[in-house]
Structure formats: structure tokens, C-alpha cells
Amino acid sequence: MKPAGHVLPLLLLAALLVAPWLLPEFHITLLNYIGLYSLVALGLVMLTGVGGVTSFGQAAFVGIGAYTSAYLTTVHEWSPWLTLPVGLLLTALVALTLGLVTLRLSGHFLPLGTIAWGISLYFLFGNLEALGGHTGISSLPPLNLGEHELKSGGEYFYLIWLCLLLAVFAIRNLLDSRVGRAIRALKGGTLMAEAMGVHTPRAKIVVFTLAALLASVSGWLYAHLQRFVNPTPFSLTQGIEYLFMAVVGGVSHVWGALVGAGLITLLKQGLQDWLPHLLGQSGNFEMIVFGVLMIIVLQRARDGVWPLLQRFFPPPVVRAPVGDVAALPRRQRPSAGERLLEVKQVSKHFGGLVANDRISFDVRAGEVMALIGPNGAGKSTLFDGISGIEPLTSGAVSFRGENVETLPAREIARRGLSRTFQHVRLLPAMSVLENVAIGAHLRGRHGLFAAACRRDRAEEARLLREAAQQIERCGLSEHLTSAAGSLPLGKQRLVEIARALATDPCLLLLDEPAAGLRFLEKQALGDLLRRLRDEGVGILLVEHDMDFVMGLADRVVVLEFGRKLAAGTPEEIQRHPAVLQAYLGGIE
Amino acid sequence: MDLQIALLLGQDGIANGAIYALLALALVLVFAVTRVIFIPQGEFVAFGALTLASLQAGQLPGTLWLLLCLGSVIALIDGWEAWRARRFKKLPTIVLLNGGAPLLLAGALLTFSPADLPLTLQVLAALLIVVPLGPMLYRLVYQPVADLTVLVLLIVSVALHVVLVGLGLLFFGAEGSRTPAFTEASFEIGGTLLQGQTLLVLLASAVLIVALYLFFERTIYGKALRATAMNRTGARLMGISSRLAGLLSFGLSAAIGAFSGILISPLTTIYYDSGFLIGLKGFVGAIIGGLASYPVAAAGALLVGLLESYASFWASAFKEVIVFTLVIPVLLWRSLKTRHMEEG
């Protein structure tokens, strides 16, 4: 990394430190607001750009933070430092309720819920006598540090920007951790993450609550900076404006929040001076410009403004893991020949279509069982049923002696079953290392707070070492830090296998692992699977390459039109009349 | 509350509920066909009502300029594309449809002073101005992002909503309008006065719902829309253009919105930003139907109307709070009913 890359950030930090001495009061006020808005927009970046859900009601959470403090400090004369945790607690309660209510529905119900919530809270603020109705609450006490009361804009400037930079620091740490990877998988990788043991609904609620808490802190700071609150700044319109900031700045980038908040605030300032003259009447017409701007950004440059600025800053570092850390503990190996998986009379219907019809077989530790059959025979459907991705219509699946057919995918993963997908499910923008590390999710336990303040580093190093080892095993070491999406499809399948191995599985479900591989790569894959078998792992394999299957499998099950057609050793199957009939056509 | 007040409130609630039901149907339609959660639906309600009001006041409404603007922009963009693709035969249609037709309408309104026209023609003129805005906005705003996620489409919708509310303020000012009733007739049933306009709202809503049903069941375009709603790719393979389906559903939705606005503006004062809350109440109904079921959405919307009406009697200041907080238990109920993992 060139030292020159660090000059600009350091200059900016220095500029921030001296700003209150150099700039006039008006500019400091503007910078204070930019800081406050950035805090909220930062939460939206987490939520929208990283987590793939969004909220139009962030202003309402700002309102909860502000009103809680306003009410408690004026009516009950509490110290503002005590009202902050109360406000955060209230915000978390509301966010958790909203999150719990909408989390099982598809993604767009949460934002719709936040619109309704944003409106009703706004009307509530405006109509509750205790909160001063539409006139609001005035003469809030200023914040104090011991005896010293913070009164000038400059003093608040330091406080606000300290909070903001701390939040940015914590969030960057968080995203670069075990929990962070789970959160990043929410956008476009929910199914895969569930199959790797991530509790995705919980991860979704965590980001939503986190974004709400950031908004609440912003509200608390705002209330004591202004020393006055009324409902207007907490309306739905303001909530929408926060989202504009995040999107215009760059919704997938932490710094985009600051850029967006700055741009929109300055633009608003300019437009509010200029538009009334142009249009000959007053009103918040700047929203027309913002809306159009937003539509153009979404149509033309969905990544916002930040990517344009990014090249002036040091590039993000992709860390290669260090070698000399202890390996992660492994699960107790099943004894050789233990019956790992038993599929009993499993059926799956989609409406009138019978994809799986009363299928039964078992897989033992230390054997490769192949599932073959023509396209549309129901092999991948069966995989989804066994691994808990799709509920079965009827039948039972037992894994290591326990019935698992009613468990969600993440619980089955916890018990030692892992899988790959026929249609590769990687997070294309993330590095191969991080993608594989998602597989090791259940083998770490540090949570949100440990990650935010970097208390998880020892565990993180072990997780990454494990991931790197599995990558090496699959012959992908040279691609460790490449973006997963940049690999050819065959290698992406190998990344999927590495990810499944990182879970330390007893049973591996591989859906067409050899598709798209070259001859030598296929041989290497065959060797890897044999080694795994010798270690006592059970392997259930769907594959179309018959040479590959017959050379590897101990037993074979043949499916056709959702039914089990035949089962036996590769030699028996190759001579089986019904199989020959299905594959080659009958002899008239 | 005595029986008489209860009946009066019920009458109010059902009339509003009927409007919410129409909007809920339009929202479900647009969502099913295009995956767009059409937040700006409400703006069409306000635009419909306020455009009629300004025609009646003898002014040319701002929405007409919007129509001319959008039309010319589309004529330019589509014309340029056709030119580059060397499809010169398409040029006249593009220019006449997007640029010529709005100009013709503007010319007609300038020639005949709209204030003196009979009510039916005024209504027709207002619809002719507002309804084409729907497909035009689809073309300019949604079509370039039509393949993106529901989430991006939703953010686009919210942005468009903000733009349209701002334009509403610019066009019609902050003052509200109320248009004269279509009918002054009133009936007395069981000691309660039943307003003719309320009946008219109910009747018109019922007719519209039946017409929509027939459209979807009997006409080829209706069937094409249903096919697109069920399976976009499949419909496309069968030669149904998803662009056409989008334009058509936005046209229908704009028509339902504008007509709803015209229907209720004699009953309640409409401001430039009233549409949003009205539309959102349709939304609550649509959410009750899970954005998928037409009859449940309509029933839900009626329920919202009644709830709002009685809430305004018991706790008028908290009317909106009650209606919108209702979404939470509804979402909870829906969430308990679903047991399906979806790829986000």
C-alpha cells in the first residue's frame, strides 16, 4: 500500500479538528447537521446497501431518541446522560417489535411497515398533550461535562463528529467479522446463508435495530443541540430524505453515508435559497429536485457518488490469514459405517406436480452415495427437502438418528449436514476467502459487540485460517483474495465445496460438483472426495458425468420422474434393465 | 353514540372504504404485473380531483403542462431510439401519440373555456389529462429499472411520490378544493339522511369492480395482464410484451386513481398532499390481502374505511395513528400465515 493513499484522510481529519476555529458559526451549524444526518444515513447503508432491506421510517426513530430526552429532561428533570440509554432502549423495543412482525414476510413488507409506522408516530407526537402537541417541547437543558455546559456550536461539533467517527469505526469492524459476513449475506444470499447455519431472520432484525439505534443517538444529540423539539423533523418526508442521502452518497459504502448527507444538506441549502425566487412561491420544492435526482441515480448509477471519490482514498485491504494460529476444534467423527442419513418415503408436491414420490434410501459414514437420473427426475428437489430448504409434503428424514424434516435449514446445518447448490450461490462481490468463511459461521461464537470493538480477532483468525485451509484443499489457493464472481463457473463450484467443508460436516450433499470442470480438475475433485470418504465423511452426490460417478460411488440410487427406479452398486446399476431402458431407450 | 350517528358514520366509512377498495385493487394489480409497489397511486387521486376543480374554476391545470412535458420527452427519447434503429415507420406514431395528442387536448381546452362545459365533459377532460400520466411515468421512470429488485422499485416509487407531491403543490397551491356534487339527491332511510353522492360512490365503485372483473376474465389484454402477473418470463415467451403489460397496468391504475379522486372530491376537501394518505389507506387494505388477493384486499379496504370513520368519532386526533397502527397486527397475522423462505 502506498503511503500517499493516507495523506487525504489524515488531511480531512486534521481539517475536522481545526474547523471550529476557522469557520464561521453558520458553517459549523451546517457541519453539525451533516454529522447528525450522517449518523442516520450510516444506519441506512447498513440496512439497505449491506442488508438488502430498507426503512422509510428512520426519522421516527430519530424522533423517539429526541422526544424521550426532551420529555425526561424537562418534565422530570433527568440528566441528559441518563435519558440516552432510556431512549436507546425504547428505540430498540420498537425496532424489535416491527422487525419481529415483518421478518417472516418477503422483503418489501418491512419498508411498508416503516412507512405506516413513520406516519402514525408523527401524528402521535403531534397529538399527545404530554409531548407538547404540534408546538413541541422547548428549553431543553444543554449537555454537560461535569460542571461545564456545552453551549456553543463548536463544542457540539466535536461531540457529534466524535460519535459519527466512532460509529463508522465500529461498523467497519463489524462488517469485517463473522456476524458482518452473515449480515452481508442477507442481500441476495439468504438461502445459502441459512444452509450454512446463519439465522437470517435474526441477522435482519439485528441490522434493523442497529440502524434504529444510530438514528436514536442522532435524535438525542439533535434535541440537546437545538434545545427544542417539535414533530416536523421526524415526519415521513424527512425519513425519505435520509434514504435519499444514503442512496445518492452510495448505499453500499460506509463513507457513502457521509458523502450523501453532505451533498443533500448543501444542495438543500442552495435550493431553498434559489427555488422560491425561480418559481415565485414558497414550499419545499427542493424535494422535487431530490426525487428526480434519486430516480436518475437509481437508473444510471446505482452505486451513488462514493465510487467516484473512492480512488482518492486507500483501497480496502483484503487480509490473507496468518498461518500460526490454532486450528478450530472439530466435531466428533461418526464411527465408520454409522447410518448418517435415512430418507423414508419422502414426497414433495408442487401443486399438482409430483417432484418426489415416496423415495427411501440411506447414506452411511465413509461412503459415497450417488443420486442419478435424467433432468427433471427430482434430484435437486430432494436435496432441498433433505437439507430443510423446502418443506416436505410427506415422509421423514432422519439425520444421525434424529428426525430433522421439520427443522429449518440452519438447524440441520448445525447437526453436521452441509451442501452445495446446483446453481452456484456465492456472494460475487466478496472475496473467495470470505465466502468460504461463511461456511465456518457456526464454529465461531463472538457476536456483534465483540466484533464492533475488535475483541473477536483471535477467533476471527482461526475462522479465516480454517477457510484458507479448505480453499487450499480444493486447489484454489491462488484465488484466495479474488472476488468470487470473477472466477469461472467450474471454480465457483469448487468454492461452494470449500464453503461446505468449512462447516466441518459429517455428511456432504454435492449437487453437480463436476459440471464445468476440466478433465484434470475432475480428477483432483475425485481425489478430494475419496480422501473425505476415507476420513469418514458421508457424501451424497448428484452428478451427470457417468464416468465420474461410476468411478467414485459405492452405491447408486436412480431416480426417474420423481420415483426411485433402482438402487445398488455401480456394477449392478450399469446392468439394471430398467435403468438401461430409461437412459438408452428400450430395445423393440 | 346513538343509532343515528352510528349509521351516519357507517355511511361515511363505507363510502371512503369503497374508494380505498378501488385503490387497493389498483395497487394489487400493479404489484402483481410489474412488482412495483405504486406509492404514487395516491397522487393520481389528488391530481384527478384538483384537475377537475381547476377546470371548473376556468383555469388550465398544471397537470396539463406536466402531460405536455412528459409527452415531449418521451417523443424525443423514443423517437431518437427509433431513428437510430432505422425504424422510420414508427416515428409518426411515436410523435403523434406522445407529443401531438397532448397538444391537441391543450388546444381544445384553450378554445372551449372549460368552466362552461357540462360536468360530464369536464370530468372527461380531467381524466384525459391525468390518466395518460400513468403510462408515461411508467415509460420514463420505471421501464429503465423494470428488471431490478422489488426493493429498488419501491425506492423509485417513493422518490416519484415525493416529486409528484412537490409538483402538486406547485400546480395547485396549498389550498384545498371541493368540487360540486354530481347529484344533490338525498334519501331518508330509517331516520337517517342518505346522500345521493355517497350512493353514487358506492354504485360507481361496484360498477368499476365488475368492469375490471370482466376485463380480466373476458378480454385478451386482461388475460395478457393476468398471464404476466402469474409468470413474467413465461408470458414474455408467449409474446406478451412486459413493457405493454406495464404501460397497461399503470394506465388502469392511473384511471382508477383519478376517477376515485373525482368521486370523493364532493364529499371531502382534497389538498395537494391528500392523495398520499388516501392511497396509503388503500395500501393497508392491499396488505391485508397480502398484495395478492383481490377480494380480500377490497374487504380489507372497506374495513379500513369503517375503522377510520368510527375512530374519527371516538378519538379524532388519533384517527391516523389508529388506522396506520392497524398495519402492525395485520402484518403479524400475515406473517404467521406464511411459512416460506424467500430469497432476498
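**Exercise 1. Classify the packing of helices α3(A) and α9(A), and describe their contact**.

*Solution.* Step 1: the helices are DSSP runs of H or I with at least four residues, numbered from the N terminus. In this predicted model, local features need pLDDT of at least 70 and side-chain atom pairs count only at pLDDT 80 or more, while totals for chains, interfaces and linings use all residues. Residues are numbered from 1 along each chain as its sequence is written, and chains are lettered from A in the order in which they are written.

Step 2: the axes of α3(A) (residues 58-74) and α9(A) (residues 200-226) come within 7 Å and cross at roughly 45°. Axes are lines fitted to C-alpha atoms, for helices over the stretch in contact, and angles run from 0 to 180 degrees between N-to-C directions.

Step 3: α3(A) and α9(A) are therefore oblique to each other; under 35 degrees counts as roughly parallel, over 145 as roughly antiparallel, 65 to 115 as roughly perpendicular and the rest as oblique. The crossing of α3(A) past α9(A) is right-handed, the near helix being turned clockwise from the far one by less than a right angle.

Step 4: residues are in contact if their C-beta atoms, placed from the backbone, lie within 7 Å. Among those in α3(A) that meet α9(A) are Phe61(A), Val62(A) and Ile64(A); the partners in α9(A) include Trp220(A), Tyr222(A) and His224(A). The residues of this contact divide into 12 nonpolar, 8 polar and no charged. Ala, Val, Leu, Ile, Met, Phe, Trp, Tyr, Cys and Pro count as nonpolar, Asp, Glu, Lys and Arg as charged, and the others, Gly among them, as polar.

**Exercise 2. Describe how α10(A) packs on α12(A)**.

*Solution.* Step 1: the two axes come within 10 Å and cross at roughly 40°. That makes α10(A) oblique to α12(A).

Step 2: α10(A) passes α12(A) in a left-handed crossing. Thr237(A), Glu241(A) and Phe244(A) are among the contributors from α10(A), and Phe290(A), Leu293(A) and Met294(A) are among those from α12(A). By class, the contact has 9 nonpolar, 1 polar and 1 charged residues.

**Exercise 3. Identify the residues with the most contacts inside the largest nonpolar core**.

*Solution.* Step 1: such a core is a set of buried Ala, Val, Leu, Ile, Met, Phe, Trp, Tyr and Cys residues joined through C-beta atoms within 7 Å. A residue is buried if 20 or more other C-beta atoms lie within 10 Å of its own.

Step 2: the largest core has 282 residues, and Ala41(A) and Ala24(B) have the most contacts inside it. Its largest share, 17 residues, comes from α9(A).

Step 3: not counting residues up to four places away in sequence, Ala41(A) touches residues including Tyr242(A), Met245(A) and Ala257(A).

**Exercise 4. Characterise the contact between chains A and B**.

*Solution.* Step 1: chain A supplies 42 residues and chain B 37 residues.

Step 2: the largest share of the side of chain A, 10 residues, comes from α5(A). By class, this side has 25 nonpolar, 14 polar and 3 charged residues.

**Exercise 5. Is Phe250(B) buried or exposed**?

*Solution.* Step 1: Phe250(B) lies in helix α11 (residues 242-264) of chain B.

Step 2: Phe250(B) is buried, because 32 other C-beta atoms lie within 10 Å.

Step 3: leaving aside neighbours within four places in sequence, Phe250(B) is in contact with Val30(B), Gly134(B), Pro135(B), Leu137(B) and Tyr138(B).

Note on methods:
Helix = DSSP H or I, 4+ residues; strand = E, 2+ residues; numbered from the N terminus. Contact = placed C-beta atoms within 7 Å. Buried ≥ 20, exposed ≤ 12 C-beta atoms within 10 Å, placed from the backbone.
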